[in-house]
Every structure is written in C-alpha cells, then in structure tokens.
Amino acid sequence: MEREDFRSHYSGYDVLDKWSSPDWDDQTREVIRRRLENVPVVRFFTEQEVRTLTAIVDRILPQSDRSEIEKVPIVPWIDEKLHEDRHNGYRYEELPPQRQAWRWALAGIDETARALFAGKAFCDLDVQSQDVVLRHVERGTSPGDAWKIVPAQGFFTSVLVIAIVQIYYAHPIAWNEIGYNGPSSPRGHVRKWEGGVDPWEAQEDHD
Amino acid sequence: MIDEKNNESHLFAPGIHGEQVPMRDLSREEVDFCIVGAGAGGGVLGAKLAEAGFSVVILDAGPHWDPTKDFVSDETASRKLIWTDERITGGEDPVELGANNSGRGVGGSTVHYSMVAMRAHPEDFQRRSLEGEIARAELLNWPLTFDELEPYYEEVEQALQIAGPTNYPWGKRRKRYPQREHELNASAQVLVRGCVKLGIPVAPAPIATLSAPHKDRPPCVYRGFCNYGCTTNAKSSILVTYIPRAIRAGAEVRPNSMAAQIEHDKRGLVTGVLHFRDGGEDLFRQRAKNVVVAGYAVETPRLLLNSASSLFPDGLANSSGMVGKCFMVHSGHQVFAKFRERINQYKAPPPGGALTEHFNRTMPDADFICGYTIEVVGPHPVDFASRISAARGLWGAELRRTMLDYNYYSGIGIVGEILPQQNNFVKVHETERDQYGLPIPHVIFSYHENDRRLIADAKRKMKEILEAAGGADVWTADRMAHLLGTCRMGNDPMNSVVNADCRSHDIPNLFVCDGSVFTTSTGVNPSLTIEAIAARTADRIVELRRHNAIP
Ligand SMILES: Cc1cc2nc3c(=O)[nH]c(=O)nc-3n(C[C@H](O)[C@H](O)[C@H](O)COP(=O)(O)OP(=O)(O)OC[C@H]3O[C@@H](n4cnc5c(N)ncnc54)[C@H](O)[C@@H]3O)c2cc1C
Ligand code: SF4
C-alpha cells in the first residue's frame with residue numbers, strides 16, 4: 001500500500017511529555033493510561049467481521065504512514081462499545097438497534113464489494129476499489145440485500161464514519177499530530193488571544 | 001460509617017471540595033415536594049422550597065458528581081455526563097439527542113453546558129400578539145410577562161454570579177452584572193473583528209463562570225473543558241450552586257434514582273413517585289404531597305405519558321392532549337473558517353467572551369419572523385472532527401490532512417428561534433423498552449418554513465462575519481441545541497399543560513418546572529430563563545401554600 005503523507009506542524013510535540021505536569025490530574029491519567037495500555041480484546045465481532053471492519057477503518061482513517069504497532073487502535077474500541085451495547089442517546093427511526101445495524105452493514109459492504117468486483121470480499125480489494133465501494137455506500141447507491149435492513153447512507157454518515165473519527169481523535173497520537181493541548185486540569189491557559197501560545201502548548205516547527 | 005447505620009435518618013452527599021456533607025434521609029416520609037430531576041429547573045426550585053421550610057426530595061436518574069474526583073479532562077471519558085439511553089429520533093429533521101443537549105446526573109445539563117447566561121426579552125413573551133397568526137405554527141403568548149420575571153432573572157444572576165459587561169446593549173436596561181466580563185479568547189476576537197468591519201454591534205457575553213473569586217470558589221482558569229465538567233468549581237453549574245444550598249436547607253438529593261411513574265389517588269391527586277434505585281430492579285415509593293417533574297423536555301413528557309392510568313388514560317396533566325406537543329429546539333447552526341494566526345479554539349470557555357444579539361428580533365426587511373443570537377463556539381478535536389467530517393463529507397486521507405490545521409479554525413454559531421408546531425412532538429415508543437423496562441421516547445421534529453428561512457439568513461450572516469474577519473475555507477455545520485416545549489405554559493387549559501406558576505391545569509398538586517414549559521423558544525440560550533421561572537415558581541408555591549391552595 002502506498003504511504004500517504006500527513007506531516008504535522010508540530011513534529012517536536014508529545015502531549016504525553018505533560019503526563020506529570022499540572023495539566024494532568026490523577027483521574028485523567030487513569031483514563032488515558034487505560035486508552036494506551038488496556039486495548040480491549042475483540043468480543044462482539046466475528047473474525048470475518050473484524051477483517052472487513054479493519055479494511056474499512058484503514059480507508060476511513062488511513063494510517064499507512066505508521067507500522068501496525070504504531071497505529072491508533074480503532075476496531076477494538078468499536079467492538080467494546082457494541083459488546084457493552086453502550087448507546088449514543090439517539091437512534092434514527094430508520095436504523096435498527098446498533099448491534100444489528102453494524103452486523104448488517106458489514107455484511108452489506110461485503111455484498112456490495114462482491115456485486116461490483118466479481119465476487120471478491122471487501123478486504124481482498126485494492127484500496128481504489130475499496131473506496132469505490134465506500135463511495136457507493138455513502139451515496140446510498142450500493143447494491144445488496146443488507147441495505148434493505150440498514151439504510152446505507154444513514155449508516156455510513158451517522159454511524160460508521162463518526163464512530164471511527166471519534167476514536168481516532170481521542171488518542172494522544174492524534175493529539176500530537178494536530179497540536180491539541182490535551183488534558184488541562186488544574187492548569188488552564190493564559191495566552192488566549194489570536195496567535196497566543198502558552199509555553200506548555202504545542203509549539204510549531206519553524207521551517 | 002458504622003455510626004450512620006445506627007442513625008438511619010442520615011446520609012452523606014459529595015460536597016464540592018471533595019468533602020462529605022451530611023444530608024437528611026426522607027425516604028420514609030411523606031414529603032411536601034418530590035422533584036424529579038436535579039437540573040436547572042429542579043435544582044433551583046428544590047433549593048428555594050427547602051429554604052422556605054418545605055420537606056423536599058429531589059430524585060435524579062444519574063450520579064451525584066464529586067467535581068474534585070469525577071470530572072475528567074477528556075472528551076470521550078466525559079460521555080458519562082450525558083443521557084445516552086436509547087431514544088428514537090425521526091421527522092424530516094431528526095434531532096441528534098444525547099451529548100449536545102441532554103445531561104444526566106445531579107446538576108442536570110448545567111454540568112456540561114456552555115454557560116451563556118442570557119435573559120429573554122419582553123417581546124419573547126408576547127409572540128402571538130406581535131406576529132399574529134402564522135400558518136402551521138402554534139404561536140401563543142406566555143402567561144408570564146418579562147416584568148414578572150425580571151426580579152427573578154436578577155435573583156439567579158446574583159446566585160450564579162454571572163460575569164458580564166457593565167453595559168449590555170440589548171433588551172431592557174439592566175443593572176451591571178455581578179462579576180466583571182471575561183477577557184476575549186481568540187475565537188471571540190475573530191467574531192468581534194468581523195462584526196466591527198461590517199458595522200454589526202457586538203458585546204461581551206454574559207457567562208456563568210467566575211471572573212473573580214466568590215466565597216469558596218476560585219475564578220475560571222480558561223481550561224476550556226466546560227462541556228466536560230469543570231474541575232475547579234469556577235463554573236456556576238447547578239451542581240455547585242443551588243444543590244449545596246438545597247442540602248444545607250434539609251433537602252434530600254437522591255442520585256441514581258430513575259422515576260418510573262407518578263402515582264395518584266382516586267380523586268386524581270398525585271401521591272408520590274415510584275422509582276428505581278442504584279440500578280436495582282425494585283421499585284421504591286417516595287410519598288409526597290406535591291410532585292414536580294423537571295426532567296427536561298424529553299424525559300418530562302415521557303414520565304407523564306408513562307404514568308397513564310385508568311383515570312388518566314392519556315397520561316397525567318394531559319386533558320388538552322398537549323403533553324409532548326410543540327417540542328422545540330434552537331437552531332444551532334455553526335460556521336467555521338480557517339485563519340492565518342493560531343486560534344487554538346479549545347482554550348477558554350466555549351462562549352469565548354463575545355456575542356451579538358443584533359439579529360435577535362423580527363427584522364423589518366427579513367422574509368422570516370423572530371431572530372437569532374450569534375455566539376462563539378470552540379469544539380475540542382473529537383467534536384470538531386465529527387463536525388467537519390459530517391459537514392463536508394470528509395473521510396480518508398482528506399480528513400486527516402484537513403485536521404492538521406485544527407488549531408487554525410475558528411467558529412461561531414447561532415441560537416435561533418424555532419416556531420412551535422403541533423407536528424413536532426415527543427411520544428412514548430410503542431414497542432421498544434429501556435433497561436428499566438420503560439417505554440422509550442420517540443421524538444419527531446421537522447423545521448417550519450420560517451425556521452428554514454431564518455437558518456439560511458443566519459448562515460449567510462455568519463459567513464460574511466468570518467470572511468470579513470479574514471477567514472478562508474468557510475464551512476457550515478447543521479446543528480441544533482436545547483430541547484424546549486412539550487408541557488407548554490399558557491392561560492387556556494385547552495391548549496397548554498401548565499399555568500404561569502408551572503402548575504398543571506388538570507392536577508392541582510402536580511407541577512412541571514424545566515425547559516418543557518417554554519411557550520415559545522426565544523432567540524437566546526434557555527438556562528437562565530428556566531432558572532428564573534423556577535425561582536419564581538418557588539415564591540408562588542409559598543404564596544399558594546399560605547392560602548391553602550396546595551396540600
Ligand atoms: C452541551 C450543552 C451546552 C449548553 N450550553 C448552554 C448555554 O451556554 N447556555 C444555556 O442557557 N443553556 C445551555 N445548555 C442548555 C441547558 O443546559 C439546558 O437547557 C438546561 O439545563 C435544562 O434544564 P432542565 O431543568 O430543563 O433540565 P436538565 O438541566 O437537563 O435536568 C434534568 C435532570 O433530570 C434528570 N431526569 C430526567 N428524567 C428523570 C427521571 N425519570 N427520573 C429521575 N431523574 C430524571 C436528568 O438526569 C437530569 O439531571 C446547554 C446544554 C448542553 C447539553
Ligand atoms: S474554562 Fe473555566 S469554567 Fe470552563 S472548565 Fe475551565 S475553569 Fe471551569
């Protein structure tokens with residue numbers, strides 16, 4: 001797979017350097033420690049579903065610039081949410097309950113892949129073809145019986161992409177990449193004007 | 001701890017500095033008031049009633065947070081502050097319930113609200129008289145006037161120590177705010193610059209967080225995590241203001257207690273509240289001479305509807321058929337743009353420190369009635385990435401690349417008045433049940449054509465402002481905020497649920513006191529109005545009791 005370039009403006013920044021600083025309190029350290037160290041094992045998805053979902057996640061939030069162990073884990077956290085059946089507080093009328101929705105949608109993405117690409121499973125397609133499948137799902141034009149149960153478009157935008165994006169941008173690696181200050185308790189901020197950067201915030205590269 | 005067992009009438013509640021505060025146990029008594037919901041409405045009312053000498057129990061479905069230990073400086077972990085139980089959402093413009101509008105736990109949605117503390121205006125209470133009849137909208141005057149509410153705005157602004165400008169340019173002339181205004185953050189500077197360029201008046205925002213120390217609470221340190229719980233207690237949530245007052249005055253605040261049904265006697269007077277406690281399956285009965293529902297605009301009608309009985313087959317307080325009807329939101333559309341200087345929008349409270357009410361009125365040359373306030377927003381990365389991804393259909397490498405410039409984006413958003421409609425409503429779902437076995441809410445919402453025109457205008461104006469400020473790469477997020485209506489107040493029992501005293505037209509010892517009583521939505525953030533109404537209701541109840549008009 002080609003490596004994509006995502007060059008951060010803050011190459012020298014690591015939010016975890018502040019672990020013992022006045023920006024991090026005990027309860028936040030506990031939460032982030034768990035996020036970094038206790039990545040859950042898969043309990044909800046089947047092996048085949050994990051393969052499909054991993055391939056989807058690699059397209060929605062590509063991390064081809066990182067080795068497998070450097071990547072922000074995403075599938076395990078989606079799995080955990082479904083295993084525990086934690087809700088979001090709303091469900092669109094046309095969508096079935098979330099566990100069913102995810103199962104049917106993963107089956108649907110495979111169905112669409114097979115219909116468009118000579119019987120090949122989604123995870124066996126090249127990335128361009130995978131994107132073609134995902135674009136069809138996004139537009140609601142994806143062939144497959146599963147989409148009669150889960151509306152493709154609704155699932156794609158209001159469930160699938162959001163779930164992946166929210167897990168990725170909750171990770172310190174993503175915070176480093178975008179220069180987010182991260183936890184901030186009890187210390188807050190002083191230089192809050194335009195262009196103002198506190199010494200403990202992400203400093204930009206000068207090049 | 002063993003000692004308390006001997007003295008069963010004592011409990012402890014978390015204080016706001018990590019201490020344990022003694023609290024009365026009223027579970028075996030028939031109390032004067034059982035209030036369901038310890039948020040903006042229930043918290044203020046409960047504290048004032050307890051201080052007036054009534055025995056009060058406040059139930060809340062969620063925990064009683066200890067701000068020194070329970071709040072986490074992290075977006076994802078703070079989801080525990082949100083009402084995430086399943087709700088079905090439909091209509092042409094389904095409302096995304098949950099994080100953006102529903103809190104759960106003592107303090108209610110004020111634990112994670114953005115703290116903009118605004119008064120509604122005299123016109124807001126007279127919409128029907130001012131605008132006349134509007135097709136497909138249920139405009140109605142409030143049974144309350146601004147003048148009746150004004151002293152209560154004053155009272156809650158003092159209690160919450162609102163920080164704001166010396167002279168606030170809109171609305172009826174007012175005294176200066178209890179605390180001085182906050183310094184602007186970068187996003188607020190952007191709003192001000194854009195407005196000044198375009199000749200739009202703009203002013204410091206009144207915000208419910210301290211700008212100077214007050215009693216045992218320190219000033220805001222601009223962490224910017226206000227939507228995830230304030231760890232310093234600078235934020236004047238109900239949790240750290242009225243709830244300690246309620247407990248001190250002898251109220252019991254009972255957390256993790258989900259009300260399932262309000263009971264009544266043969267005469268049709270309510271007698272108490274059945275509730276689940278601490279995740280258990282047993283129903284407990286809290287006997288009460290009066291019941292107040294304050295669960296916010298979805299859970300309040302749900303509880304009234306789920307309390308249907310042979311005497312009240314359509315639910316309590318519902319002879320008008322209006323329980324659940326005229327559900328409203330605020331349009332909360334936001335516009336973002338990219339700037340050359342670093343913004344770091346996560347810094348300081350999300351309202352940033354500036355706003356404009358210039359468009360919050362029916363404008364003579366507009367193709368819509370009512371108006372909107374423009375405020376500053378400042379989402380953290382999880383929230384920002386979700387918004388930009390949904391708004392621009394971004395995913396894949398393009399999303400990751402766009403997010404690299406997160407620190408250069410600045411955003412503003414509106415609180416736009418939405419018209420009440422019969423066809424927007426909360427009902428209980430026919431088949432689906434929650435973890436307690438209770439029918440879940442089903443919420444239906446579609447914008448009125450007036451709403452759509454207002455939103456289009458606001459998006460245009462916001463875009464102009466950000467461009468005038470020097471922003472590029474402008475995009476809009478379609479959002480909604482605040483849940484209102486569903487038990488609207490009015491003088492006519494045929495088309496409203498409660499009267500000006502928040503008392504049900506049908507059942508004299510049943511009250512509703514929260515965002516559900518709004519007759520129309522107003523063009524400002526609702527919490528201060530909810531709190532002012534609650535403060536007034538407490539005084540009215542004292543008065544009613546004096547005349548033996550309530551048990
Ligand atoms: C992210 C966010 C930002 C906001 N920003 C602002 C702002 O800047 N300015 C502003 O004015 N407003 C803001 N609001 C809105 C404001 O917080 C709410 O309008 C206000 O808190 C509503 O008050 P309430 O009393 O109606 O309900 P809430 O404050 O939500 O309280 C309801 C309580 O009832 C409990 N409850 C519900 N049902 C039951 C039941 N059956 N049994 C037991 N307990 C129950 C809930 O757990 C909850 O604690 C914001 C809200 C959110 C979510
Ligand atoms: S910015 Fe201020 S009000 Fe908000 S969480 Fe921080 S200290 Fe509290």
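**Figure 1. Helix 8 of chain B, a helix of 12 residues in a predicted model.** Helix 8 covers residues 381-392 of chain B. At 1.5 Å a residue, these 12 residues should span 16 Å. The C-alpha atoms at the two ends lie 16 Å apart, so the expected and modelled spans agree. Just after the helix comes Gly393(B), with a positive phi of about 60 degrees.

**Figure 2. The buried residues of helix 8 of chain B and their packing partners.** Pro381(B), Val382(B), Phe384(B), Ala385(B), Ser386(B), Arg387(B), Ile388(B) and Ser389(B) are buried. An α-helix has 3.6 residues a turn, so residues three or four places apart point the same way. Which elements do the buried residues of helix 8 pack against? In chain A, the partners are helix 7 (152-168) and helix 8 (172-178). In chain B, they are strand 12 (334-338), helix 9 (397-403), strand 15 (409-416) and strand 18 (472-477). The buried residues of this helix of chain B thus pack against elements of both chain A and chain B.

**Figure 3. The second largest pocket and its lining.** The volume of this pocket is about 460 Å³. Its lining comprises 23 residues. Nearest the centre are Asp216(B), Val240(B), Thr241(B), Pro244(B) and Arg248(B). Helix 4 (146-160) and helix 6 (242-248) of chain B each supply at least two lining residues. Which helix gives the most? Helix 6 of chain B does, with five residues. By class, the lining of the second largest pocket has 11 nonpolar, six polar and six charged residues.

**Figure 4. The surroundings of ligand 2.** The shell around ligand 2 holds 13 residues. The closest are Cys220(B), Arg223(B), Gly224(B), Cys226(B) and Cys230(B). Three of these names are cysteines: Cys220(B), Cys226(B) and Cys230(B). Eight residues of the shell are nonpolar, three are polar and two are charged.

**Figure 5. Chain A, with eight helices and one strand.** From the N terminus on, the elements run α-α-α-β-α-α-α-α-α. The C-alpha trace of chain A spans about 55 × 40 × 30 Å along its principal axes. Chain A has 207 residues, and buried residues make up 55% of them. Take the contacts in chain A between residues at least 6 apart in sequence: 66% of them join residues at least 24 apart.

**Figure 6. A cis peptide bond in chain A.** The bond runs from Ser185(A) to Pro186(A). Its omega is near 5 degrees. Where does Pro186(A) lie? Pro186(A) is in the segment after helix 8 of chain A.

**Figure 7. Glu94(A), in a loop of chain A.** Glu94(A) sits between strand 1 (91-92) and helix 4 (98-116) of chain A. Its relative accessibility is 47%, so Glu94(A) counts as partly exposed. Leaving out residues up to four places away in sequence, Glu94(A) touches Ile149(A) and Pro151(A). Val42(A) is 52 residues from Glu94(A) along the chain, and their C-alpha atoms are separated by 28 Å.

**Figure 8. Two residues of chain B with positive phi, Met115(B) and Arg136(B).** Neither residue is a glycine. Phi is near 80 degrees for Met115(B) and about 60 degrees for Arg136(B). Met115(B) belongs to the loop between strand 5 (88-90) and helix 3 (127-131) of chain B. Arg136(B) belongs to the loop between helix 3 and helix 4 of chain B. Are these residues buried or exposed? Met115(B) has a relative accessible area of 1%, so it is buried. Arg136(B) reaches 57% relative accessibility and so counts as exposed.

**Figure 9. Leu140(B) and its contacts.** Leu140(B) is found in the loop between helix 3 and helix 4 of chain B. Why does Leu140(B) count as buried? Its relative accessible area is 17%, and buried means under 20%. Beyond its neighbours within four places in sequence, Leu140(B) is in contact with Arg128(B), Arg488(B), Asn495(B), Thr519(B) and Thr520(B). The C-alpha atoms of Leu140(B) and Ser129(B) are separated by 7.9 Å, with the two residues 11 apart along the chain.

Technical notes:
Residues numbered from 1 in each chain as written. Chains lettered and ligands numbered in written order. Predicted model: local features only at pLDDT ≥ 70, side-chain atom pairs only at ≥ 80, totals over all residues. Heavy atoms only, no water. Helix = DSSP H or I, 4+ residues; strand = E, 2+ residues; numbered from the N terminus. Expected span 1.5 Å × (residues − 1). Buried < 20%, exposed > 50% of the residue type's maximum accessible area, 1.4 Å probe, protein only. Contact = heavy atoms within 4.5 Å. 1 Å grid on protein atoms, 1.4 Å probe; cavity = no way out; pocket = protein on both sides within 12 Å on 5 of 7 lines; lining within 4 Å. Points joined across faces, edges and corners; volume = space filled by probe spheres on them. Nonpolar A, V, L, I, M, F, W, Y, C, P; charged D, E, K, R; others polar. Near = heavy atom within 4 Å.
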